[in-house]
Amino acid sequence: MMRKISLLLCGAALGAATALVGTQAFLIPGATPATAAAADTYRSLNLFGDVFEKIRTDYVEKPDDEKLVEAAINGMLSSLDPHSSYMDAKAFNDMQVQTRGEFGGLGIEVTQENGLIKVVTPIDDTPASHAGILSGDIIAAIDGQAVDGLTLNQAVDKMRGEPNTVVTLKILRGPKKDARDVKLTRAVIQIKSVRSKTEGDDIGYIRITQFNEQTADGVRDALLKFQTDPGDKLKGYILDLRNNPGGLLDQSIAVVNAFVDHGEIVSTRGRNADETMRYNARPGDLSHDKPLVVLINGGSASASEIVAGALQDHKRATIIGTRSFGKGSVQTIIPLGSDSGALRLTTARYYTPSGRSIQAQGIEPDIIVLEDVPADLKGRDETKGEASLKGHLLNGTHEQFGSQAYVPPDEKNDKQLIAAEDLLRGIKRADAASAETPAPGVSVAPTPAPAPAPAPAKPAAPAAKPAATPDPSAGKSP
């Protein structure tokens with residue numbers, strides 16, 4: 001049996017596909033339904049082999065056999081859901097480089113949606129963020145070459161490159177798809193996933209841009225630093241997950257564990273009941289139960305939603321912002337051999353401690369705060385969310401379609417951040433009251449975030465270190 005190994009972000013084999021060509025199936029009289037179904041499967045595989053051979057022998061030009069098989073694999077995976085895909089050896093290696101947190105490129109998280117290369121979010125302090133690339137921008141061309149027809153991996157390859165080299169992107173923006181050319185100089189992208197600072201002299205602010213291998217350590221270091229400065233003055237923490245596209249499952253679990261010391265954090269449930277995994281907190285609340293506010297918006301996906309959902313269910317934090325993206329599925333990266341790349345396959349859905357599925361619904365904030373969007377950005381400030389993706393996993397009749405994902409560049413205009421600070425300091429402003437809309441049954445009174453809920457009478461299975469399961473909501477980072 002192939003051993004599943006989970007890596008970053010997000011991602012059969014060529015030999016197996018080729019070997020199936022020409023396989024014969026015989027239907028035995030009196031066969032069971034299962035046998036008949038297997039015979040139908042082999043018949044379909046024979047059909048694939050026939051088509052493959054016809055293309056190889058009769059197509060007007062000699063095709064590349066390897067590309068034909070890869071295209072067939074990609075077609076098969078894309079028919080499943082938006083997050084399952086095949087990575088060739090180069091793409092798999094690139095993903096591993098990104099896991100280590102350093103590569104030459106532009107610093108944007110991109111995904112492919114309906115054949116278009118779409119910006120999920122620019123990474124802080126990179127050429128993309130400095131050039132004003134925005135979440136929701138469509139990349140129509142790279143150095144004059146249209147991206148239509150390119151795979152996500154091919155587009156990312158064209159945007160990555162040696163530092164100090166120049167690349168020009170044609171960007172389509174807004175409902176009218178206004179076109180503009182943006183020239184960027186590639187740089188060494190060092191993904192520092194955690195940034196922290198003191199707001200005023202009494203609040204510890206922690207921003208996580210994505211969940212990579214350094215995230216849990218970064219949060220731990222920030223918490224320890226805040227306990228020294230501002231120390232006794234500390235009123236609480238703000239955890240900013242806005243426009244965070246996700247990342248490693250084990251890192252999101254560790255981040256939650258920094259703020260809670262008991263109970264379930266997340267569970268994952270596959271097709272079979274015996275595949276259910278539950279991940280529990282270990283003793284040791286690094287935050288010392290200080291009040292906590294979590295900021296989310298329409299660009300907060302997957303691992304971000306695991307963190308927000310767990311802290312919300314534990315009543316450990318107050319969630320402020322707008323509804324999150326709604327990506328509630330888990331992807332596993334399955335290497336296929338040194339030269340065969342890897343399979344990125346959706347293998348489970350994840351659930352918050354209370355049993356909520358976030359898939360195509362997202363996390364609803366306790367306090368909804370909308371940002372004031374500049375006139376020239378109106379219509380470009382929202383994400384459509386998981387529910388809008390073609391072929392997404394369905395989740396009942398209450399799916400939600402997108403929400404605001406704009407974060408003002410100037411903190412003085414950041415109403416969500418201001419609301420979080422006011423909540424922790426016990427301040428109520430007239431303008432904040434008019435900006436906030438409570439979720440059903442939730443008060444907007446500026447009381448500190450509640451302490452964690454009592455431990456359940458029957459805790460879930462003992463905590464186990466999960467595999468580093470990837471999250472593909474962001475797709476790729478060129």
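Val-51 counts as partly exposed, because its relative accessibility is 43%, and the cut-offs place partly exposed residues between buried, under 20%, and exposed, over 50%. Please keep in mind throughout that we are looking at a predicted model. Val-51 belongs to helix H2, which covers residues 33-58. Which residues make a nonpolar surface patch with Val-51? They are Leu-47, Ile-55, Tyr-59 and Val-60, and the patch has an area of about 510 Å².

From this surface patch, I turn to a strand. Is strand S13, residues 264-269, largely enclosed or largely open? Of its 6 residues, 5 are buried, and therefore S13 is largely enclosed by the rest of the structure.

Let us consider the partners of S13. One of them is strand S14, residues 277-280; the two strands pair in the antiparallel sense, over 4 bridges. Strand S18, residues 342-351, also runs antiparallel to S13, and 3 bridges join these two. Ser-267 lets us follow both pairings from a single residue. In S14, its bridge partner is Arg-278. In S18, the residue opposite Ser-267 is Tyr-351. As you trace the strands on the screen, please recall a general point: in a regular strand, side chains alternate between the two faces of the sheet.

I now come to the loops, beginning with a peptide bond. Where is the cis peptide bond? It joins Asp-229 and Pro-230, with omega at about 20°. Pro-230 lies in the loop that follows helix H7 (215-228) and leads to strand S12 (236-240).

Two further loop residues deserve attention for their backbone angles. Asn-164 is not a glycine, yet its phi is positive, near 75°. The loop holding Asn-164 runs between helix H6 (152-159) and strand S7 (166-173). Is Asn-164 buried or exposed? Its relative accessible area is 68%, so Asn-164 is exposed.

The second residue is Lys-315. Its phi is also positive, at about 55°, although Lys-315 is not a glycine. Lys-315 is found in the loop between helix H9 (303-313) and strand S16 (318-321). With a relative accessible area of 52%, Lys-315 counts as exposed, because the cut-off for that class is over 50%.

To close, let me return to the main points. Val-51 is partly exposed and contributes to a nonpolar surface patch. Strand S13 is largely enclosed, and S13 pairs with S14 as well as with S18. In the loops, we met the cis bond between Asp-229 and Pro-230, and positive phi values at Asn-164 and Lys-315.

Key
Residues numbered from 1 in each chain as written. Predicted model: local features only at pLDDT ≥ 70, side-chain atom pairs only at ≥ 80, totals over all residues. Heavy atoms only, no water. Patch = residues over 30% accessible without salt bridge, like charges linked within 9 Å, V, L, I, M, F, W, Y side chains within 5 Å. Areas by Shrake-Rupley, 256 points an atom, 1.4 Å probe, with all protein chains shown as cover. Salt bridge = Lys/Arg side-chain N within 4 Å of Asp/Glu carboxyl O. Buried < 20%, exposed > 50% of the residue type's maximum accessible area, 1.4 Å probe, protein only. Pairing = 2+ DSSP bridges.
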